[in-house]
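Hi there,

Here is the structure I promised to pass on. Have a look at it first, and my notes follow below.

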Amino acid sequence: MPTPPRIAALLVAAGRGTRMGAAGFVPKQYLPLGGQLILARSFEALAKSDRISTIAVVIHRDDDDAYRQAIADLSHDERLVPPVPGGATRQESVRAGLEALSDHKPDFVLVHDGVRPFVSPATVERVIDALLEGNDATLAATPIVDTLKRVEGENGRVTATVPREALWAAQTPQGFRFAPLLAAHRKAASEGETAFTDDAAVAEWTGMEVCVVEGEKTNTKITTAENLKMAEARVLLDELASLADIRMGQGYDVHAFADGDHVVLGGIEIPHDRRLSGHSDADVALHAITDAIFAALAEGDIGFHFPPTDPQWKGAASDIFLRKAVNRVLERGGIIGHLDLTIVCEAPKIGPHRDAMRARIAEICGIEIGRVAVKATTSERLGFTGRREGIAALAGATVRLPLA
């Protein structure tokens, strides 16, 4: 069988982010975006193609620590080679990356911006397909749809309307036969040609034929603070859209009083002249929340997962039970949107401990405290709670899961 072509990818991430404004104190490729650094997202986008055999990242000489942090969860990818120190310009950085890749003898190379985290697998594959069909160079691009104006002078005077027919906006990745692109960059460097804004322009300058494949409007480059805000909004919307299965569960629990000097409620100890009786620590509040989460998942209740007949749970801290329910949400790819707890008792007073309980519940569940509501009420001296025989708790949980 014929040997498959060797395709390398070069991720360019040596910039300083001068257009990012105040956020530019951290190079933009190392800023967080939806729980991941931008560079990590861009790397993952390229790495999804199993046709890419080698991946190199060009970084600034001062960014070793930031780079290691960015790829900490990605360093297991055997295709990743050591980072390449970049140059003073993007053009110099790309040439440095190509020189480093030459030892791996690739047939083709994809050059991608380290701050284009939204490139889709389909776009990457279209660029690769175009190369394998015989093109020397190809790039992802989108046709211009806006009317273009040429503007000159300090007063912003329009001097011409530029016809938009046949005009396309260049994106990355841009793909090339490796040897001709490296030769083109070497030639540009030797002749002092430094004004090229992308690698396709370098290729065109040396006479390589460059073609275009359809890119996507969503394949945006993050260069300004406004770009970053829009990217954050997109990540949030994508996450919420992927978690469209919204579930609500209810939980209820009750425990009687026994002799003691404190109660455990919401994961904290509250001084009291009685304690709550139960097989575990009898934290009626956490038990109700746990049941509510299991209910939202339709996975039974606390007794099903932690039978009171099992001696291993005797005296156990109830945060164990709640963490189990939370982990089940995470294992199913979901998130907890909100928890609502109501404690019914005559005593002890819950108000002074409300915020501490909210903070502890939020900590156990790994969510923001603003997603935890804790309320308390009495039963107007009616029933077993009114007679101070015990405490009851009711809870509601809102869980978001991926659609099956």
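To start at the beginning of the chain: in which segment is the place of Pro4? Pro4 sits in the segment before strand E1, which spans 7–13. Please keep in mind throughout that this is a predicted model. Pro4 has a relative accessible area of 57%, and because that is over the 50% cut-off, Pro4 counts as exposed. Its C-alpha atom is separated by 8.9 Å from that of Arg51, a residue 47 positions away along the chain.

Now for the sheet I spent some time on. It is open and has five strands, in the order E15-E12-E18-E16-E17, with mixed pairing. Strands E15 (274–276) and E17 (372–377) are at the edges; each has a single partner strand, so one side of each is left without a neighbour in the sheet. On average, neighbouring strands here are turned by 20° against each other, direction ignored. Within the sheet, E12 (residues 245–259) and E18 (residues 390–401) run antiparallel and are joined by twelve bridges. If you want a spot to look at, His255 stands opposite Ile391 in E18. Helix H11 (residues 354–365) lies across E16 and E17, and runs at about 140° to E17.

Strand E16 (residues 335–344) also holds Leu339. Is Leu339 buried or exposed? Its relative accessibility is 2%, and since the cut-off for buried is under 20%, Leu339 counts as buried. Leaving aside neighbours within four places in sequence, the contacts of Leu339 include Ile289, Ile293, Ile361, Cys365, Val372 and Ala397. The C-alpha atoms of Leu339 and Gly249 are 9.7 Å apart, with their positions 90 residues apart along the chain.

Last, a helix pair. The axes of H8 (residues 284–297) and H10 (residues 319–331) come within 9 Å and cross at roughly 20°. That angle is under 35 degrees, so H8 is roughly parallel to H10. Their crossing is left-handed. On the H8 side, the residues that meet H10 include Leu286, Ile289, Ile293 and Phe294; on the H10 side, Phe321, Leu322, Ala325 and Val329 are among them. The residues of this contact divide into ten nonpolar, two polar and three charged. Ile289 and Ile293 are worth a second glance, as they appear in this helix contact and also in the list of contacts of Leu339.

Happy to talk it through whenever suits you.

Best wishes

Key: Residues are numbered from 1 along each chain as its sequence is written. This is a predicted model: local features need pLDDT of at least 70, side-chain atom pairs count only at pLDDT 80 or more; totals for chains, interfaces and linings use all residues. Side-chain values use heavy atoms; hydrogens and water are left out. Helices (H or I, at least four residues) and strands (E, at least two) are DSSP runs, numbered from the N terminus. Buried means under 20% relative accessible area, exposed over 50%, partly exposed in between (1.4 Å probe, protein chains only). Axes are lines fitted to C-alpha atoms, for helices over the stretch in contact, and angles run from 0 to 180 degrees between N-to-C directions. Angles under 35 degrees count as roughly parallel, over 145 as roughly antiparallel, 65 to 115 as roughly perpendicular and the rest as oblique. A crossing is left-handed if the near helix is turned anticlockwise from the far one by less than a right angle, and right-handed if clockwise. Contact means heavy atoms within 4.5 Å. Ala, Val, Leu, Ile, Met, Phe, Trp, Tyr, Cys and Pro count as nonpolar, Asp, Glu, Lys and Arg as charged, and the others, Gly among them, as polar. Two strands pair if DSSP finds at least two bridges between them.
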